[in-house]
Amino acid sequence: MLIPFPAPESDPINFGDLPPAINDLLQKGVIAYRRDFSQAESYFREALAAAPEELPTYFCLYKIHTYHGNLDEARAAAQSGMTKAARQAGWPDDWREWTPEREIPEGAGRFALYTLKALAFIHLRRDEKDDAEDILAALRVLDPTGAVGWPVIAELAAGLAR
């Protein structure tokens with residue numbers, strides 16, 4: 001499952017190497033999220049508009065929308081971020097065309113796989129079990145060691161099937 005944002009008094013989240021203005025917007029969004037969902041989303045949308053190539057913004061958007069049960073918005077943000085990451089990794093836009101690599105990639109490739117896992121979770125929340133299972137089957141091939149955490153989602157799916 002997705003891990004909630006830390007409490008506002010905790011250390012800033014390390015979103016990686018981002019332009020300072022974008023990192024600032026994301027940090028503000030994380031802090032705002034605890035008290036004002038709309039303000040948090042506004043910060044994240046501002047970051048996305050300013051730098052649509054920066055992947056952590058998509059993560060923030062799909063995460064907050066998943067928490068709030070806005071699953072259409074969560075799915076849209078995850079799909080957009082995953083497509084952007086796949087392109088940055090030099091992969092096809094469609095995850096069904098991805099091929100396994102020797103090692104789990106870092107950077108955009110890892111983000112794409114992690115976000116694919118998030119999409120499986122979102123599909124489960126939307127009661128779209130077949131779509132979630134299709135994604136999990138692909139992740140078993142693309143990430144056989146479970147490095148991006150898909151086995152947790154697979155266990156959740158198995159529990160729902162009982």
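Is Y62 buried or exposed, and what is its relative accessible area? In this predicted model, Y62 has a relative accessible area of 0% and is therefore buried. The helix that holds this residue, together with its surroundings, is described below.

Y62 lies in helix α3, where F59 and Y62 stand three residues apart and are therefore separated by about one helical turn. The two residues form an aromatic pair of the edge-to-face kind, with 5.7 Å from centre to centre and 80° between the planes. F59 also counts as buried, because its relative accessibility of 16% falls under the 20% that sets the limit for a buried residue. F59 takes part in a further aromatic pair, this one with Y114, which is tilted, at 6.2 Å centre to centre and with 50° between the planes. This pair links distant parts of the chain, since F59 belongs to helix α3 and Y114 to helix α5, with their positions 55 residues apart in the sequence. Y114 has a relative accessible area of 25% and is for that reason partly exposed. F59, Y62 and Y114 form one aromatic cluster, and the structure as a whole holds four aromatic pairs.

Helix α3 itself is mostly covered, with 12 of its 13 residues buried. The buried residues include L55, P56, T57 and Y58 as well as K63, I64, H65 and T66, and the buried residues of this helix pack against α1, α2, α4 and α5. The length of α3 also agrees with expectation, because its 13 residues should span 18 Å at 1.5 Å a residue and its end C-alpha atoms are 19 Å apart. Just after α3, G69 takes a positive phi of about 75°.

Helix α2, which comprises residues 37-50, has 14 residues and reaches 20 Å from its first C-alpha to its last, close to the 20 Å expected at 1.5 Å a residue. Within α2, the residues F37, A40, E41, F44, A47 and L48 are buried. Seen down the axis of α2, these buried residues fall within an arc of 120°, so they line one face of the helix. The face turned away from this buried side carries the exposed residues S38, A49 and A50. The cover over the buried residues of α2 includes α1 (20-33) and α3 (55-67). At the N-terminal end of α2, D36 acts as a cap, with a side-chain oxygen that lies 3.2 Å from the backbone nitrogen of S38.

F44 of α2 also has a place in the largest nonpolar core, which contains 53 residues and in which L26, F44, W98, L113 and L116 touch the most other members. The elements that give two or more residues to this core are α1, α2, α3, α4 (71-89), α5 (107-125), α6 (129-142) and α7 (150-161). The largest share, 11 residues, comes from α5. For W98, when residues up to four places away in sequence are not counted, the residues touched are M82, A86, W91, P92, A112, L113, L116 and L142. Two of these, L113 and L116, are named with W98 among the core residues that touch the most other members.

Two further residues, E133 and N14, were examined individually. E133 is found in helix α6, and at 34% relative accessibility it counts as partly exposed, because this value lies between the 20% limit for buried residues and the 50% limit for exposed ones. Leaving aside neighbours within four places in sequence, E133 is in contact with R140 and A157. E133 and A147 are 14 residues apart in sequence, and their C-alpha atoms are 18 Å apart in space.

N14 is placed in the segment before α1, and its relative accessible area of 70% means that N14 is exposed. The side chain of N14 reaches the backbone nitrogen of G16 at 2.8 Å. In sequence, N14 and P56 are 42 residues apart, while the distance between them in space is 9.9 Å, C-alpha to C-alpha. P56 is one of the buried residues of α3.

Notes: Residues are numbered from 1 along each chain as its sequence is written. Side-chain values use heavy atoms; hydrogens and water are left out. Helices (H or I, at least four residues) and strands (E, at least two) are DSSP runs, numbered from the N terminus. The expected span of a helix is 1.5 Å times one less than its number of residues. Buried means under 20% relative accessible area, exposed over 50%, partly exposed in between (1.4 Å probe, protein chains only). The arc is that of the directions from the helix axis to the C-beta atoms. Contact means heavy atoms within 4.5 Å. A polar contact is a pair of N or O atoms within 3.5 Å; within protein, one must be able to donate a hydrogen and the other to accept it, and residues adjacent in sequence count only if both atoms are side-chain atoms. A nonpolar core is a set of buried Ala, Val, Leu, Ile, Met, Phe, Trp, Tyr and Cys residues joined through side-chain atoms within 4.5 Å. Rings of Phe, Tyr and Trp (its six-membered ring) pair if their centres lie within 6.5 Å; planes under 30 degrees apart count as stacked, over 60 as edge-to-face and the rest as tilted.
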